[in-house]
Structure formats: C-alpha cells, structure tokens
Amino acid sequence: MNNIILFVSCLALASSALAADETETEFHYVTGAYADPSKWSSVKQEWKICGVGKRQSPVNLSPKVARLVHNSTALIQTYYKPVEATLKNRGYDIMVSWQEDAGKLVINNTDYKLVQSHWHAPSEHFLNGKRLAMELHMVHKSADGHLAVIGVLLREGEPNAFISRIKDKINFIADILHGEASIGKIDPREFGWDLTKFYEYRGSLTTPPCTEDVIWTIVNKVGTVSRQQIDILVDARRAGYEANARPAQPLYKRMVYLNDQAALSASALN
C-alpha cells in the first residue's frame with residue numbers, strides 16, 4: 001500500500017511540475033494566446049526577425065513556385081551510421097538525439113553533423129497548397145554553427161515503421177516534461193526517406209528565435225503515418241503544443257529548387 005501511495009504522489013508531483021513549467025513557456029501555437037506565432041516577434045527583442053524577416057520558414061512548396069533542376073543532388077550526400085539514441089519530451093515536441101556521431105549531411109563540400117530529429121503535427125511545410133498530417137525534421141549543424149534541415153512530409157495512412165518501433169517509449173515519457181528514455185542503437189536511415197527528388201531553399205528556424213540561417217531540403221516523396229501514431233505524438237505534448245506547426249510564411253523573392261535525380265538518371269540512359 002505504501003508503494004502505491006508513493007507512486008501516486010510521484011505522479012502528482014510530476015504532473016504539477018509539468019503544468020508549472022508549461023505556464024512559463026515563452027512561445028505557443030494556439031491562436032489568440034499571449035505568445036502565438038503572430039506575436040513571437042514581440043515577445044523578445046532577439047525574436048523580432050520572426051515578424052520582419054524575409055527568409056522565414058515554413059513555406060508552401062509546389063512545382064509552380066520551384067525551378068526544376070537535375071544536378072543539385074551531386075552536391076548533397078548523406079553518411080549515417082547506427083549509434084545509441086535517446087528519446088526526449090521537450091514539451092513542444094518529441095525529439096530523438098544521438099549520444100555519439102550518427103553521421104552527417106554534406107552540402108557543397110560542407111559537413112553538417114546530425115544533431116537531432118523531431119516531429120511536427122500537422123506538417124509545417126505545405127505541399128501544393130495543402131498541409132499534411134505530420135512532418136519529420138532531421139537537424140544538422142556545421143562546425144561553424146550553420147544549420148541544414150531535412151524535412152519529410154507524412155500523410156495519414158499506413159503506420160510509420162520507425163514510430164511503431166519507439167511507440168512504447170513515447171508513451172512512457174508522454175507525461176514527463178524533459179523526460180528521457182533510451183531507445184538503443186538507431187540508424188538515421190531507419191526514418192525511411194531518400195533524396196531522389198526534393199525541394200531546396202534558404203529559410204529559417206520554424207520556432208523562435210526564427211534565425212534565418214537554414215538550408216532546407218524537403219523530400220518530395222510523401223510518407224505515411226497512422227491516425228493512432230499521430231494521436232500518440234500529439235497527446236505527448238501539452239498546453240498549447242498539441243498542434244505544433246507554424247503557419248506558412250511568405251516566400252518573397254526567394255528561389256525554390258525542385259531537384260529530380262530520377263529524371264537525370266533516366267535521361268542519362270537515353
């Protein structure tokens with residue numbers, strides 16, 4: 001009986017800590033909240049660019065706004081390997097991070113080390129004017145601090161194999177802000193995407209401080225995620241983060257490239 005009382009007390013303390021921490025969060029997504037996306041630029045001086053920047057993310061992607069090219073993939077390569085990984089509940093998202101070097105993304109001969117991955121639901125980037133069910137972000141950083149993010153869009157459908165693998169661990173940390181769980185060796189390639197065809201543009205972080213120093217690579221092929229998996233990830237977030245997607249931002253005069261390696265390979269065979 002004492003053990004049961006202790007367990008309940010710990011849960012109560014954890015829930016109280018979660019609620020207290022959430023009330024102190026500096027940005028939210030709920031429209032009308034004190035720090036919703038439309039107000040991020042006024043919360044802190046260093047977040048001003050969220051409202052006045054001309055290279056903000058996410059954006060709406062489509063062949064209509066993109067320049068079709070066939071040679072950029074020769075300049076973008078990935079080198080990943082399986083290492084021990086940790087799942088963490090950051091409150092506003094669920095993140096996978098690697099304890100050692102899990103590999104890198106190479107763009108124009110610059111190495112960007114894989115730092116972490118996380119999900120947004122619904123998707124942040126729009127595809128052909130439509131927002132999808134979810135979006136995976138794989139965040140990479142160069143030695144001098146520049147960022148490169150690979151985005152993978154997911155529509156509701158068949159279960160996502162990787163999320164199925166870690167589902168129980170997501171549930172385990174769902175009610176624990178900053179809670180962590182080891183998920184063993186994870187090969188980043190298990191997330192299931194390739195760079196056969198992708199959009200590429202220069203943009204920003206999609207959360208404050210909205211720094212405009214990100215090379216975005218959005219995989220054109222849309223993956224799938226089940227309704228149950230969406231609910232698991234959404235339920236793991238609380239108090240204004242149930243839908244953690246920033247609205248689409250103006251493209252202004254930026255160039256968007258649609259890289260089609262498959263078309264290049266086909267033309268080479270003819």
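This note sets out points on the fold, the disulfide, the salt bridges and one loop glycine of a predicted model.

1. Overall make-up. The chain contains six helices and 15 strands. Of its 270 residues, 47% are buried. The accessible surface of the chain amounts to about 13500 Å², and carbon and sulfur atoms supply 54% of that surface.

2. Contacts along the chain. Among contacts in the chain with a separation of 6 or more, 68% are between residues 24 or more positions apart. Several of the pairs discussed below can be read against this background.

3. The disulfide. The count of disulfides comes to one. Cys-50 and Cys-210 form this link, with their sulfur atoms 2.0 Å apart. The angle about the S-S bond is 95°, and the link of Cys-50 and Cys-210 is right-handed. Cys-50 belongs to helix α3, whereas Cys-210 sits in the loop between β13 and β14 (214–225), so the pair ties together parts that are 160 residues apart in sequence. A disulfide is, in general, a covalent bond between the sulfur atoms of two cysteines.

4. Exposure of the two cysteines. Cys-50 has a relative accessibility of 6% and therefore counts as buried. Cys-210 is also buried, and its relative accessible area is 0%. The cut-off applied here is that buried means under 20% relative accessible area.

5. Salt bridges, and the pair Lys-44 and Glu-26. The model has ten salt bridges by count. In one of them, Lys-44 pairs with Glu-26, and the closest N and O atoms are 2.9 Å apart. Lys-44 is in the loop between α2 (40–43) and α3 (49–52), while Glu-26 is in the loop between α1 (2–23) and α2, so this salt bridge ties together parts that are 18 residues apart in sequence. Lys-44 counts as partly exposed because its relative accessibility is 25%. Glu-26, at 39% relative accessibility, is likewise partly exposed.

6. The pair Asp-111 and Lys-104. The side chains of these two residues meet in a salt bridge, with an N to O distance of 3.1 Å. Asp-111 has 37% relative accessibility and so counts as partly exposed. Lys-104 is partly exposed too, with a relative accessible area of 30%.

7. The pair Asp-187 and Arg-189. A salt bridge joins the side chains of Asp-187 and Arg-189, at 2.8 Å from N to O. Which of the partners is buried, and which is exposed? Asp-187 counts as buried, at 13% relative accessibility. Arg-189, in contrast, counts as exposed, because its relative accessibility is 53%. Elsewhere in the salt-bridge list, Glu-156, Arg-227 and Asp-231 are joined into one network by salt bridges that share partners.

8. The loop glycine. Gly-192 is found in the loop between β12 (180–186) and β13 (197–203). Its relative accessibility is 54%, so Gly-192 counts as exposed. The threshold that places Gly-192 in this class is over 50%. Gly-192 and Phe-162 are 30 residues apart in sequence, and their C-alpha atoms are 8.0 Å apart in space.

9. Points to keep in view when inspecting the model. The disulfide of Cys-50 and Cys-210 ties together parts 160 residues apart in sequence, and the salt bridge of Lys-44 and Glu-26 ties together parts 18 residues apart. The salt bridge of Asp-187 and Arg-189 has a buried partner in Asp-187 and an exposed partner in Arg-189.

Conventions:
Residues are numbered from 1 along each chain as its sequence is written. This is a predicted model: local features need pLDDT of at least 70, side-chain atom pairs count only at pLDDT 80 or more; totals for chains, interfaces and linings use all residues. Side-chain values use heavy atoms; hydrogens and water are left out. Helices (H or I, at least four residues) and strands (E, at least two) are DSSP runs, numbered from the N terminus. Buried means under 20% relative accessible area, exposed over 50%, partly exposed in between (1.4 Å probe, protein chains only). A salt bridge is a side-chain nitrogen of Lys or Arg within 4 Å of a carboxyl oxygen of Asp or Glu. A disulfide is a pair of cysteine sulfur atoms within 2.5 Å. Contact means heavy atoms within 4.5 Å. Accessible areas come from the Shrake-Rupley method with a 1.4 Å probe; for residues, only the protein chains shown count as cover.
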